[in-house]
Structure formats: C-alpha cells, structure tokens
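Subject: Structure for your review

Dear colleague,

Please find the structure below, together with its sequence. My notes on what was found in it follow.

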Amino acid sequence: MSAAFLIEQLLNGVQLGVMLFLMAAGLTLVFGVMGLINLAHGSLFMVGAFFCSWIAGQTGSFWAGLGGGFLAAAAAGALVEVLVIRRLYDRDHLDQVLATFALILIFSELTRWVFGDRPLYLDIPPGLSGAVPLPGGGGYPAYRLAIIGAGLVTAVGLYLLIARTRLGMQIRAGESDREMIGALGVDIRTLYTAVFALGAALAGLAGGMVGALQSVQVGMGEPVLILAFVVIIIGGIGSVKGALISAVLVGVTDTLGRVFLPQLFGLFLPPSEATSVGASLSAMSIYLLMAGVLAFKPKGLFPVDA
Amino acid sequence: MRNGYKGAVLALAAGAALGLSTALGAAQNAAQAADLKIGMITTLSGGGSSLGIDVRDGFQLALKQAGASDVELLVEDDARKPDIAKQIATKFIQRDKVDILTGIIWSNLAMAVVPAAVKDGVFYISPNAGPSALAGKACHPNYFNVAWQNDNLHEAMGGYVQDNGFKKPFILAPNYPAGKDALTGFKRFYTGELAGEIYTKLGQTDYAAEIAQIREADPDSIFFFLPGGMGIAFMKQYAQSGLKVPVLGPAFSFDQGILGAVGEAALGVKNTSQWSKDLDNAANKAFVAAFQEEYGRLPSLYASQGYDAANLILAARKKAGGIGDKDAFRQALVEADFASVRGAFKFASNHHPIQDIYVREVVKEGDVLTNKIVGVGLKQHANAYVDDCKM
C-alpha cells in the first residue's frame, strides 16, 4: 500500500465528514436550541440540491446555482418553521417525528411536481474539474478539495457566529434557558426562525455541493440524514464542535472501513466471500463506532450540559 | 431538549421504524371492469426512478398501440424497498385480484415478491430483474423473464474482455443478488487474472474510496455493474479522478436514460446489451419511432423491456383466448409468439430468453449521446441455470 493511497483515502474520509458536518450542524443547532427533532432536514438538503442544479442549468453558472440553492433552502426552512415547526416546540418528540416525517413526504411530492420525476444533473464548475497531484504519486479531484475547504470555512464561520456575535450569544442563551432570554426582551420567535433558516441553509449548501458529484433526485437527503443523526449522537446533541469532530470521525471510519475491512477478511476467506462479509461489516462500522462511544460517554463526546 | 436523552433516542428510533421512506405510490385506478388486471410494482422514486419510469412507459405504449382498453394496469412505486414491494404485491393480489404481476427492477425486491406471488397462482412476467435463484432451483411455471437472466450481459462482457487482450481488469458491483450474479457471470467468461474485485453498498452514491482502490490496483480496464443513479455517480466521479483506464460494463450504466447525465465521460465506452435502438427489424423501428413520438425522448433498454413484456402478455392472451384457462395461457406464454423489438425471441426451458447479446459503443449523434452496435458478444445464448431448473 502506497502513502498516496492512504492520503487519498484519508482525504476521502475528511471530505465525507465535512459534508456530514454541514448537515449535522443544522440538525444539532435546531435540536440544541429548540429541542426539536427534525426528520425533514434531509428534504432541505434535497431542496438545496434541486434549486442549485436548476439555477445552474438556467444561468450556466455553478456558483449562481450554489448561492441560489443556499438561499432557497434558507427560505424553505423559514417558511416551514413559520407554518409548521413553530407549533411543535411544546409537543413531545414523538409528535415532532410524526409531523416532520409528514413534511418529508410533502417535500418529496412537491419536488417531484415542480421538477419532474427524473433526476436532474449538475456539472462541476470548469475551474474545479480534474485532479490535483498528490505527493508520492496519484491525484485527488480538485472539486473534493474545494468541498473540504468550503466545509472548514463554514465551520469556522459558524464558530465565530456562535462564540462572538450577539445572535450567537442569544442562541447559546436559548439553549440553556429559553424563558429567561424571553424575559430579557429577546424576540424568541424570530430567533427560532433565524436558527432554523440557518440550519436549512447549511443543509442546502451541502446538497448543492454534493449534487455535482451525484445525480440530484427525490429522496437523496434521507440516507445522509441517518448518518447526520449518528454524527450528532456521537458528538453530543447541541454541540457544534462535537458535530465537527464526530462528523470527521464518522467520515473517516466509514471510508476506511469500506476499504480495509474487505481486505482484512481477504486474509482468511476466499475473495468473493471476503468482499461480501467485509462490505456488510463496513456498512455497520459507524453504528459500532456509535455504540462504542455511547458505552463510554453516554451523552456523546462533547455533551453541552455536562 | 431538557426532556432528555431517553426521549430523544426513543423518538429517533420511532423515526427509523417509520423507515424514513418517501414512497407515495400513486395508484392509477381505472374505473371500468377489465377482463385482464395487471399489477405493476416498479421504482418511480429515488436513485432507480428512471429505470421504473422507462419500464412503465414502454409497457403503457404497447397497451396503447394495441388499443387494449380492456386491460387494467395498476402502477405503484416501490421506492426500491423490498418491504414496500411486498406490501404492494399483497394488496394487488388480495384486494385488487390481479391476474399478472410485473414491473420489478431490482433483484432483491424480486426475491421478496416473486416466490410467494407465483405460489399464490399469479403470473409474474419480469421486465427486468432475473436473479439466478429464480432461473435455477427456485424456478416456477408461472414465472417468466422477458429481459434476460441477470448474468447474461455480464457474461458477454467477460467474453469480450477475454478476447480483446485485457489482462488485468478491476471489477465491482453492488452487494445484492444481481451484483453477485453480475461478477459471477463476468468471471464465467473471463478466466484470467483480476486486478481487484469489490462489492459496494446498494444505492451508494460516493465512490471516492473505490476509485482510490482502483488507482492503487493499477488495472488495464474497469468492469462495473452499477445500475441507475449509482452508475451516474460513479462515472461522474471517475471522470474527475484523473484516471484514464478504459471502462467497460453491461448496458445498464450506459443506457439512453442516463447517458445525458454521465456526459462526455461515456464516449467510446463499450457495453453489452440484448437490445439497441439501431437493431434492424421492423418491430424495433416502429417501437423507437412511436416511443419518441409519445414521450419526446429516445427509448432505453428498460423501455424496450417493458414494451416486450406487455406485447408478450397481449400475444399470449390472444393465442389462449383470454386468461381464464391458466394452463392455456401459460402454454401461450411459453411459445412467446410475439414480435420482440430485439428480433427473434424464444424462451429456454427455465422461462428466460435465448438471445443474442450485442457489444455496443457509446457514440455521439448530433449532440445526443447514444449507443451503436459494433459486434455480437454471445450468439443465441441461454443461461447457466437451465439445468438446475426442474419443472
């Protein structure tokens, strides 16, 4: 095994992790601040991807598409918050799961109605096509490097927003005691709408960026959503720092598991069985990781209210 | 969030139990009484939707051309989920009392639905999935596959790789029955050394890890079976990876429905198929023209399979004088006296086709990517499981 191979696989893991972070950040903010479980977060990812590819198709510019996808997801998030989510904060989690599950179905049907039921396609911007040489031979797609960069910039921006700004202070205060900050004169309703729209926008950004790697299709958010839930459970619900670290951990575990588990079983099983057993086990690897973490830290790696 | 972790975990579990499925099958219920009721379970949403849509559109085109207004076609979306497919099948059989089931794209769904359905006395006419189990030991007199047995196209590509000087192919497929059938079929006709062999997750859309493994293995060709959105994602990401190894596959990843998405990266790729739009026979010419006229796009392999499935059923019904006499109808299906768009058509004793498998090349016609036949991979080929099927 060459060093370039290992570097390439680690980069793959980090890139997947950064994508998961963008999904998980919104989920964990909404959960942390408002105590709301939002299963429809994956739909906002899908909305971002669809608008991104549609606008990119109309204007011929990937960047216009990405910006449009970001804004469209934010708008969809704000709209959903005002129309539906607002009524759910005081209900228990099961009601929230049911209502947001219904939102998934509504979003999927609406998307199919607006954009048709065949997948849409989005091309990688010309400046980012092709591969960048890696030290020690091989290459790495420039676009994936750009995703890693964009994700890290977003993470830093989010950190600054929460740690250094007035809005961030209100968000943090809302996490610990919502009645108190309401009493201090902060408009909670608007704050919640803003946080929800921010989470939606991050999911939309992720959707737009991923859309250029795959096809943009109805239901594309659900598999990512499940991984994002695993990420926030490992990271500690409500913690943005936890989400970042655990997202990278999950991304790297998933990628390396997919590569090395089949090879490991290949040492003592015939090739076809080894790839089959290894592939099945690697699909479980992140859940094993989650179980392992929860066994030692039941509230995740970075519990907010520790 | 103060009501704590336990509540959150419970709620998450409830979410998972709901399956997070986005299936909203829209049943198209024709009101009038029909003397033939067909239930189509197919994939109309998610990563495999273009396959199901094409099968459905091809099937409906054939019904329309035949003026078969006495045939009632119920269509529902399985969202590529075996449990949903099973539910729809149960409903079709018990409530709607369908005579024939059809439409399933994916082999894992076929395995979940077909054995129980045919045992219930319903006919199953597969327009796509042809898993080896149903061709061999679990074959059944009421099960017919009008497309192929799963291994067929891969066998033909294995033979092509063997005969065309490739010495070190890297092969990959999803980890489900058809994926295993695919690589087994390939290795039945390609017996040389492999640079590597991997099974990926069904529905996977990120192939970065696999592409790095391919780069590391340094193969002279790549054979992959990744139907639907999986193949699109793979080819787009492969084109970005800087790797230049020739790519080969069955028709599934280079078919009309997805060539537009894969784009220029597919140009020149060789793929194997039992059908191509340039096949020179009257039925095919009429089909290609009518499909374009009706839907405003070129037909795909899957559309041709849906079209053939409907025509097989209609021809058999005519020959047997209805489907009241099941034995007569079954016999008429076996005789398969219809004008297939792939030319001459007949069934092997296990109810899978005996047919030519062609080698196609992706070419550009004007500014549309499409396929052109460049050779024949296997002539009048049946499948490896004929002798395992006792019926």
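Which helices and strands each supply at least two residues of the lining of the second largest cavity? Both chains contribute: α1 (3–34) and β2 (139–141) come from chain A, and α8 (208–217) comes from chain B. Please bear in mind throughout that this is a predicted model.

The cavities

The search of the whole structure returned seven cavities of 30 Å³ or more. The second largest of them has a volume of about 60 Å³. On the chain A side, its lining consists of A:Glu8, A:Asn12, A:Tyr140, A:Pro141 and A:Arg144. Chain B adds B:Ala208, B:Ile211, B:Ala212, B:Arg215, B:Gln237 and B:Ser241. The element that gives the most to this lining is α8(B), with four residues. By class, the lining of the second largest cavity comprises five nonpolar, three polar and three charged residues.

The largest cavity has a volume of about 110 Å³. Its lining is made up of 15 residues, and those nearest the centre are B:Asn128, B:Trp148, B:Tyr176, B:Ala178 and B:Phe225. No charged residue is found in the lining of the largest cavity, which has 11 nonpolar and four polar residues.

The disulfide

Over all chains, the search found one disulfide. The partners are B:Cys139 and B:Cys389, whose sulfur atoms lie 2.1 Å apart. The link between B:Cys139 and B:Cys389 is right-handed, with 90° about the S-S bond. B:Cys139 sits in the loop between α5 (132–135) and β5 (143–145) of chain B, while B:Cys389 belongs to the segment after β13 (368–381) of chain B, so the pair ties together parts that are 250 residues apart in sequence. Both partners fall under the 20% limit for a buried residue: B:Cys139 has a relative accessible area of 11%, and B:Cys389 is at 10%. Elsewhere, A:Cys52 is also buried, at 0% relative accessibility.

Confidence

The model scores ipTM 0.84 and pTM 0.83. For chain B, the average pLDDT is 89, and 91% of the residues score at least 70. Residues 15–33 of chain B call for caution, since pLDDT stays under 50 there. For that stretch, the model has 40 contacts beyond four places in sequence. Where pLDDT is low, the predicted coordinates should not be read in detail.

Yours sincerely

Note on methods: Residues are numbered from 1 along each chain as its sequence is written. Chains are lettered from A and ligands numbered from 1 in the order in which they are written. This is a predicted model: local features need pLDDT of at least 70, side-chain atom pairs count only at pLDDT 80 or more; totals for chains, interfaces and linings use all residues. Side-chain values use heavy atoms; hydrogens and water are left out. On a 1 Å grid over the protein atoms alone, a cavity is a set of points where a 1.4 Å probe fits but cannot get out, and a pocket is an open set with protein on both sides within 12 Å along at least five of seven lines; lining residues have an atom within 4 Å of a point. Grid points are joined across faces, edges and corners, and a volume is the space filled by probe spheres set on the points. Ala, Val, Leu, Ile, Met, Phe, Trp, Tyr, Cys and Pro count as nonpolar, Asp, Glu, Lys and Arg as charged, and the others, Gly among them, as polar. pLDDT is the predictor's confidence in each residue, from 0 to 100. Contact means heavy atoms within 4.5 Å. A disulfide is a pair of cysteine sulfur atoms within 2.5 Å. Buried means under 20% relative accessible area, exposed over 50%, partly exposed in between (1.4 Å probe, protein chains only).
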